[in-house]
Structures are given as structure tokens and as C-alpha cells.
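Please open the model in your viewer and keep the sequence panel visible. The tour below proceeds from one selection to the next.

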Amino acid sequence: MLLMPAKRLDFEDQLRREIERCGLTRYRISKMTGIDNAVLSRFMSGKVGMSMDSIGCIFDALDLEIGPRRKRRAPKGR
């Protein structure tokens with residue numbers, strides 16, 4: 001059986017995952033950031049993108065940072 005490499009998530013998918021993992025409701029994030037709850041919901045469903053200003057607000061509210069991608073280590077013995 002051929003194993004396919006895991007698909008890399010794009011930036012918006014990664015941000016959506018962090019929003020889901022943060023433990024806050026979308027309503028709470030909306031109030032913290034000033035982003036309309038409907039806009040945040042449409043972003044989470046993949047229907048719209050976000051402006052850089054809105055993304056910055058989410059990063060600040062969730063205490064997120066952008067960093068270099070970690071390199072995957074090759075399995076031992078290869």
C-alpha cells in the first residue's frame with residue numbers, strides 16, 4: 001500500500017485549527033478582537049478570508065506567534 005505524505009495546511013487552515021484549539025468560543029474571540037461574529041464564523045467555515053489587520057487581532061488575542069517551520073526528522077535507521 002502506498003502511503004501519501006500528509007498534506008501541509010495552508011496558513012488559513014493553521015489559523016482555523018488554532019482558533020478551534022484555543023478553548024474560547026467564537027463569540028468570545030469576536031468580543032476580544034472586535035471582529036464581527038458573523039465574519040469570524042464565515043472565516044471558520046472557509047467561505048471568506050481575513051484581512052491582515054483581523055489576523056493580527058486574532059494573533060494578539062490568542063497570544064500566537066509566527067515562527068519558522070520545524071523540519072521533520074527522518075526515522076532512525078534510515
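Is phenylalanine 11 buried, partly exposed or exposed? With a relative accessibility of 36%, phenylalanine 11 counts as partly exposed; buried means under 20% relative accessible area, exposed over 50%, and partly exposed in between, for a 1.4 Å probe and protein chains only.

This is a predicted model, in which local features need pLDDT of at least 70 and side-chain atom pairs count only at pLDDT 80 or more, while totals for chains, interfaces and linings use all residues. Residues are numbered from 1 along each chain as its sequence is written, and side-chain values use heavy atoms, with hydrogens and water left out.

**The whole chain**

Display the chain as a cartoon. The chain has 4 helices and 0 strands, in the order α-α-α-α along the sequence. Helices (H or I, at least four residues) and strands (E, at least two) are DSSP runs, numbered from the N terminus. Of the 78 residues, 21% count as buried. Among contacts in the chain with a separation of 6 or more, 54% join residues 24 or more positions apart; contact means heavy atoms within 4.5 Å.

**The aromatic pair**

Return to phenylalanine 11 and add phenylalanine 59 to the selection. The whole structure contains 1 aromatic pair, and phenylalanine 11 and phenylalanine 59 form it, stacked at 6.1 Å centre to centre with 15° between the planes. Rings of Phe, Tyr and Trp (its six-membered ring) pair if their centres lie within 6.5 Å; planes under 30 degrees apart count as stacked, over 60 as edge-to-face and the rest as tilted. Phenylalanine 11 belongs to helix α1 (residues 11-21) and phenylalanine 59 to helix α4 (residues 52-62), so the pair ties together parts that are 48 residues apart in sequence. Phenylalanine 59 has 12% relative accessibility and counts as buried.

**Helix α1 against helix α3**

Two packed helices are described by the angle between their axes and the distance between the axes. Axes here are lines fitted to C-alpha atoms, for helices over the stretch in contact, and angles run from 0 to 180 degrees between N-to-C directions.

Select α1 and α3. These helices pack at an angle of about 120°, with their axes 10 Å apart, and are therefore oblique to each other. Angles under 35 degrees count as roughly parallel, over 145 as roughly antiparallel, 65 to 115 as roughly perpendicular and the rest as oblique. Show side chains where Glu12, Leu15, Arg16, Ile19 and Glu20 in α1 meet Leu40, Phe43 and Met44 in α3. The residues of this contact comprise 5 nonpolar, no polar and 3 charged. Ala, Val, Leu, Ile, Met, Phe, Trp, Tyr, Cys and Pro count as nonpolar, Asp, Glu, Lys and Arg as charged, and the others, Gly among them, as polar.

**Helix α2 against helix α3**

Keep α3 (residues 37-44) and add α2 (residues 26-33): their axes come within 9 Å and cross at roughly 125°. The two helices are therefore oblique to each other. Arg26, Tyr27, Ile29 and Ser30 of α2 make the contact with Asn37, Leu40, Ser41 and Met44 of α3. By class, this contact has 4 nonpolar, 3 polar and 1 charged residues.

Centre next on serine 30, which is in helix α2. At 8% relative accessibility, serine 30 counts as buried. Beyond its neighbours within four places in sequence, serine 30 is in contact with Ile35, Asp36, Asn37 and Leu40.

**Helix α2 against helix α4**

Which residues of α2 and α4 make their contact? Ile29, Met32 and Thr33 of α2 do so with Cys57, Ile58, Ala61 and Leu62 of α4. The axes of α2 and α4 come within 9 Å and cross at roughly 110°, which makes α2 roughly perpendicular to α4.

Select isoleucine 29, which has 0% relative accessibility and counts as buried. Leaving aside its neighbours within four places in sequence, isoleucine 29 is in contact with Ile19, Cys22, Leu24, Leu40 and Leu62. The C-alpha atoms of isoleucine 29 and leucine 62 are separated by 8.4 Å, although the residues are 33 apart along the chain.

**Two exposed positions**

Move to glycine 23, in the loop between α1 and α2. Glycine 23 is exposed, with a relative accessible area of 68%.

Finish at aspartate 63, in the segment after α4. Aspartate 63 is exposed, with a relative accessible area of 68%. Most residues other than glycine have a negative phi; phi of aspartate 63 is positive, near 55°.
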